[in-house]
Amino acid sequence: MEDVSVVGGGIAGLAVAACLDPERFRVVVHERREEPPSVETSLAMWPEAQRALAQVGILPGVRQAGSGFGGMALRNESGDVLLSARPSGVIGVSRADLLKLLAAALPASVVRAYGPVASLPRPGLVVGADGVHSIVRRSVWGDRTSASLTPYLTLRGIIDGTVPPGGGGEYWGRGQLFGIAPASRGRTYWYASYRSDLGPAGVDVDQALAITRARFSRHTDAIDRVLMAAAPAQTLAQRVWTVPCPGSYQRDGAVLVGDAAHGMTPNLGRGACEALIDAVTLADLLNTRPLPDALRSYNRRRLLRSQVLRVASSAMARLALAEKGQPLRDGILRLAHKPWAAAAVER
């Protein structure tokens with residue numbers, strides 16, 4: 001039996017622990033707290049992530065708990081459509097529901113240890129699944145890989161009621177964006193981003209929500225309706241942090257997965273998806289290969305792809321939250337929409 005200590009009991013950490021062979025590995029998952037997240041948010045599960053969920057064995061449960069995406073649109077701040085699309089096969093699922101399903105998939109032999117991790121657990125392999133402020137990454141890779149604070153604040157939440165008719169999609173304005181999407185059980189997921197000096201830690205949710213209502217007031221009826229229903233107790237307000245490329249995801253008996261490896265802005269909706277793909281890729285390699293070979297192969301498979309997505313997500317954030325040039329940006333998007341729409345009609 002080989003020892004594996006998973007630091008972090010979020011999506012990536014639980015998925016790794018669920019997939020490791022219990023006949024070969026003694027697995028301990030170290031988690032900061034026992035209680036689930038107090039605020040619900042929604043995650044988009046793209047087809048690649050759904051294949052990872054199938055490997056974990058919980059895809060049917062995610063499909064049952066989640067909701068499909070209908071027609072979505074990229075809009076200007078007045079609600080005029082710049083681009084429209086019908087995402088194929090994308091599932092929206094509550095983070096809380098996903099964590100419950102992952103926890104239920106853990107083998108009975110997995111030990112869950114609660115409390116802060118002050119030093120790396122040894123002996124054995126240490127899996128850093130502890131987010132953008134990863135103690136594993138800082139301890140093994142050094143301070144040069146510390147998370148970087150972006151100028152952006154993001155608010156997220158789920159409210160009762162379906163998406164307002166014709167209101168779904170993402171609204172891009174001057175230095176701000178607002179998103180409205182379906183959530184599970186007939187509810188609505190919303191999010192907003194803009195530059196802010198609040199925080200960086202312990203953002204006052206009441207203050208952030210009041211600022212958000214003022215910034216987006218009278219833009220569209222759909223946004224007004226969502227923000228009227230949003231309550232501080234059901235809203236998450238956080239500054240956005242990113243993680244610089246550590247050069248390698250494996251070093252000195254430690255390996256990084258999820259946000260600890262490639263924490264990115266949320267603008268591509270890929271963070272949770274890539275965390276799941278990291279987890280099942282790493283677990284499959286550890287289950288079938290000697291440890292050194294497994295870690296090298298994991299690094300080759302995941303480093304470049306995930307770092308490309310991290311860079312692309314930052315570029316999308318700069319485009320969506322640009323403070324200047326909105327007319328030019330929106331005009332280009334409208335031009336791109338015309339051949340796209342024409343092709344859809346022909347099909």
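This is a short walk through how some strands and helices fit together in one predicted model.

Okay, a bit of housekeeping. The model is predicted, so to speak of local features we need pLDDT of at least 70, side-chain atom pairs count only at pLDDT 80 or more, and totals for chains, interfaces and linings use all residues. Residues are numbered from 1 along each chain as its sequence is written, and side-chain values use heavy atoms, with hydrogens and water left out.

Let's start with strand 1, residues 2-7. When I say helix or strand, I mean DSSP runs numbered from the N terminus: H or I over at least four residues for helices, E over at least two for strands. Strand 1 runs parallel to strand 2, residues 25-31, and six bridges join them. By "pair" I mean that DSSP finds at least two bridges between two strands. If you want a spot to click on, Val7 stands opposite His30 of strand 2. Between these strands the chain passes through helix 1, residues 11-19, in a right-handed β-α-β crossover. Right-handed here means that, with the strands pointing away from you, the path from the first strand over the helix to the second runs clockwise.

Strand 1 also pairs with strand 9, residues 125-128, in the parallel sense, over four bridges. There, Ser5 has Val126 as its bridge partner.

Now, back to helix 1. How does it pack against helix 4? Helix 4 is residues 95-104, the angle is about 20 degrees, and the axes are 9 Å apart. Those axes are lines fitted to C-alpha atoms over the stretch in contact, with angles from 0 to 180 degrees between N-to-C directions. Under 35 degrees counts as roughly parallel, over 145 as roughly antiparallel, 65 to 115 as roughly perpendicular, and the rest as oblique. So helix 1 and helix 4 are roughly parallel. Touching (heavy atoms within 4.5 Å) involves, among others, Leu14 and Ala18 of helix 1 and Leu98 and Leu102 of helix 4.

Helix 6, residues 205-216, and helix 7, residues 221-229, cross at roughly 165 degrees, with axes coming within 10 Å. That makes this pair roughly antiparallel, therefore. Leu209 and Phe216 are among the helix 6 residues that meet helix 7, where Ile223 and Leu227 are among the partners.

Last stop: an open sheet of three strands, order 3-7-4, with antiparallel pairing. Strand 3 (42-45) and strand 4 (67-68) are the edges, each pairing on one side only. Strand 3 pairs with strand 7, residues 91-94, over four bridges, and Ala44 has Gly92 as its bridge partner there.
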